[in-house]
Amino acid sequence: MQTTLVPAVGARGRRPRSEPSGGARRGSHFRKQTLRSYLLVAPALLLSVVVVVIPGILTLLFAFTDWNGIGFDPAFVGLKNFQEILADPVFATSLTNNITWLVLFLTVPAVIGLLTAVLLLKRKRMRTFYQVIFLMPYVLAPVVNAMVWQAIIYNPNGGVFGLLGIAPPTASQGTALYAAAAVDMWHYWGFLTVVYLGAMRQTPIDQVEAATVDGAGSWKVFLHVYLPSIRPTLLLMGVMTVIFSFLAFDYVYLLTQGGPAHSSEVMGTYAYAFAFSSFQFGKAAAVGLIMSFFGLLASVAYTWISRRDLAK
């Protein structure tokens, strides 16, 4: 006798609902997680678009116009802004000063920060106290640091240079740029010290002990163990220094305003003068694009070097 299997039905003749499979449940959970992730990222993404992307696009557009900062009826002028800027001797001075600023910051604060980090690495007691002291200039506002130096160091009537009977370096065409850079380096080297010290403390202790057992002195341990270990940090801070050097503005403006006679002019103060002194916002935007170009080169170089190191 042949038996026919009849699927079970519910009380009202409906088949019972089948439970979702494991794959369907996992897919639903993944979609919920993805949606939640997008919701968490949305505020930061919106802020980046409003503060970075939109102003960047507007700067790119205004660089090819004669916009005066008032209204929204600029005329397209093509490459005229760039041609006039490149022909201006003040721009050549500002670009040279930015390069000088870059060389100073890639050497002086980096060497001081690295040396101080090595000294703090060997000091166990009060290490945190010293880090806080070194970081204080970095966490203070630039205007506060500039006022302190103007009042105590560079003041010709009661400051250190005034008591010594020497004209302050901010008043000389040959030293004004270096005077502003000195204040910025004073504010920056402590930050580098803390960053380098943190990187050194991540060096595997077994490598240090092995080098010491093999008879390596302090210099060789630093050169062959610590330095290769912190190489990515040195590279990153070098790239950040390049970017910050071409964005230099605050200490130059606060201490010299680009003077005397444009001797300490950098591209930041040069663009500021176009925007808020002569109301040539189109030219200011063009200078801003040139500044961004150097930062972009540094970022590309960092990415290339990082990928090459990962490929080894």
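This report describes two pockets and one helix in a predicted model.

**The pockets side by side**

| Pocket | Volume | Lining residues | Largest share of the lining |
|---|---|---|---|
| Largest pocket | about 450 Å³ | 20 residues | α9, 5 residues |
| Second largest pocket | about 320 Å³ | 14 residues | α13, 6 residues |

**The largest pocket**

The largest pocket holds about 450 Å³ of space, and of the 20 residues that line this pocket, V118, L121, K122, V221 and Y226 are the closest to its centre. Three helices, α3 (89–121), α8 (205–213) and α9 (218–229), each supply at least two residues of its lining, with the largest share, 5 residues, coming from α9. Sorted by class, the lining of the largest pocket consists of 12 nonpolar, 4 polar and 4 charged residues.

**The second largest pocket**

In the second largest pocket, where the space is about 320 Å³, the closest to the centre among the 14 lining residues are P55, T59, A284, A285 and G288. The elements that give two or more residues to this lining are α1 (22–62) and α13, and α13 provides the largest share, 6 residues. By class, the lining of the second largest pocket divides into 10 nonpolar residues, 4 polar residues and no charged ones.

**Helix α13**

Helix α13 covers residues 281–311, which makes 31 residues, and its span from the first C-alpha to the last is 44 Å, close to the 45 Å expected at 1.5 Å a residue. Several residues of α13 are buried, including A284, A285 and G288, and these three residues are also among the closest to the centre of the second largest pocket. Other buried residues of α13 include I290, M291, G295, A298 and I305.

How values were computed. Residues are numbered from 1 along each chain as its sequence is written. This is a predicted model: local features need pLDDT of at least 70, side-chain atom pairs count only at pLDDT 80 or more; totals for chains, interfaces and linings use all residues. Side-chain values use heavy atoms; hydrogens and water are left out. Helices (H or I, at least four residues) and strands (E, at least two) are DSSP runs, numbered from the N terminus. The expected span of a helix is 1.5 Å times one less than its number of residues. Buried means under 20% relative accessible area, exposed over 50%, partly exposed in between (1.4 Å probe, protein chains only). On a 1 Å grid over the protein atoms alone, a cavity is a set of points where a 1.4 Å probe fits but cannot get out, and a pocket is an open set with protein on both sides within 12 Å along at least five of seven lines; lining residues have an atom within 4 Å of a point. Grid points are joined across faces, edges and corners, and a volume is the space filled by probe spheres set on the points. Ala, Val, Leu, Ile, Met, Phe, Trp, Tyr, Cys and Pro count as nonpolar, Asp, Glu, Lys and Arg as charged, and the others, Gly among them, as polar.
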